[in-house]
Amino acid sequence: TAMRMCSKRRSRSRREFVGDVADRPSTRDETSSALDREEVFAALARAGHGSIPPPLLDGAVEALRRWSKVWPERPLAVVPAPAPPGEAAANQALAAHLATIGRLPLVDALRWTGSAPAPTNASSAALVAHLEDAITIDPAAAAELPPGPVLLCATTMRTGWALTVGAARLHDSAGTTALPIV
């Protein structure tokens, strides 16, 4: 009977599903919110990662406000995530904004030493190998890291491996825990 139920669910057309969703009152608000998000992300793409639209900055601050209720310890510094040159400016801008709002030190401890972004069609092993070569830590900046959690800021994420490698570099050099926000 479970198989029949699954096949009945799958047999519903997309139109029926969309119609059901459109009939719910709360969906109209969700749809307009989704369109607003799409417009904001389109603005980020048009800016070429050079600037971040204010709604995205506000959203990041609001997310941190909600997360602060469940953190075991508040972040003690903000670190921009390492990225290729085209994306690094946006990560830096997000980190600087959050550091200012949260009154935390901005520590630019991670460096992207590779020239190209990580390959998108590679296996995880090849991708991590590329990132381990591309992401380094600045020893002088790492010395400024506090002995507690740091906020690791990125504006985009493809696989999560760049943040993982960056967090591992921070932990290995300064013993800090990274709390990523994307």
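## The three-stranded sheet

Three strands form an open sheet with the order 1-4-5, and the pairing within this sheet is parallel. Strand 1 (77–80) and strand 5 (178–181) are its edge strands, each of them pairing on one side only, and the twist from one strand to the next averages 30°. The model in which this sheet appears is a predicted one.

Taking the pairs in turn, strand 1 and strand 4 run parallel and are joined by four bridges, with Ala77 having Val150 of strand 4 as its bridge partner. Strand 4, which covers residues 150–153, also pairs with strand 5 in the parallel sense, over four bridges. In that pairing Leu152 has Pro180 of strand 5 as its bridge partner, while Cys153 stands opposite Ile181 of strand 5. The side chains of strand 4 alternate in direction: Val150 and Leu152 point one way, Leu151 and Cys153 point the other way, and all of these residues are buried.

## Helices packed on the sheet

Helix 5 lies across strand 1, strand 4 and strand 5, and runs at about 170° to strand 1. Helix 8 also packs on the sheet, where it touches strand 1, strand 4 and strand 5, and its direction makes an angle of about 150° with that of strand 4.

## Chain organisation

The protein chain contains eight helices and five strands, which follow one another along the sequence in the pattern α-α-α-α-β-α-β-α-β-α-β-α-β. Of its 182 residues, 32% count as buried. When contacts between residues at least 6 apart in sequence are considered, 73% of them join residues that are at least 24 apart.

## The second largest pocket

The second largest pocket has a volume of about 310 Å³. Its lining is made up of 24 residues, of which Ala118, Met157, Arg158, Thr159 and Ala162 are the closest to the centre of the pocket. The elements that contribute two or more residues to this lining are helix 5 (85–102), helix 6 (124–134) and helix 8 (161–174). Helix 5 and helix 8, described above as lying on the sheet, are thus named again among the elements that line the pocket. Sorted by class, the lining residues comprise 15 nonpolar, seven polar and two charged residues.

## Two loop residues beside helix 5

Which residues does Pro84 contact, leaving aside its neighbours within four places in sequence? Pro84, found in the loop between strand 1 and helix 5, is in contact with Trp112 and Pro117. Pro84 and Pro117 are 33 residues apart along the chain, yet their C-alpha atoms are separated by 5.5 Å. Pro84 counts as buried because its relative accessibility is 9%, which falls under the 20% limit for that class.

Arg103 lies in the loop between helix 5 and strand 2 (110–112). Is Arg103 buried or exposed? Its relative accessibility is 78%, and since the exposed class begins over 50%, Arg103 counts as exposed. The backbone of Arg103 has a phi near 50°, a positive value in a residue other than glycine.

Conventions. Residues numbered from 1 in each chain as written. Predicted model: local features only at pLDDT ≥ 70, side-chain atom pairs only at ≥ 80, totals over all residues. Heavy atoms only, no water. 1 Å grid on protein atoms, 1.4 Å probe; cavity = no way out; pocket = protein on both sides within 12 Å on 5 of 7 lines; lining within 4 Å. Points joined across faces, edges and corners; volume = space filled by probe spheres on them. Nonpolar A, V, L, I, M, F, W, Y, C, P; charged D, E, K, R; others polar. Pairing = 2+ DSSP bridges. Axes fitted to C-alpha atoms, helices over the stretch in contact; angles between N-to-C directions. Contact = heavy atoms within 4.5 Å. Buried < 20%, exposed > 50% of the residue type's maximum accessible area, 1.4 Å probe, protein only.
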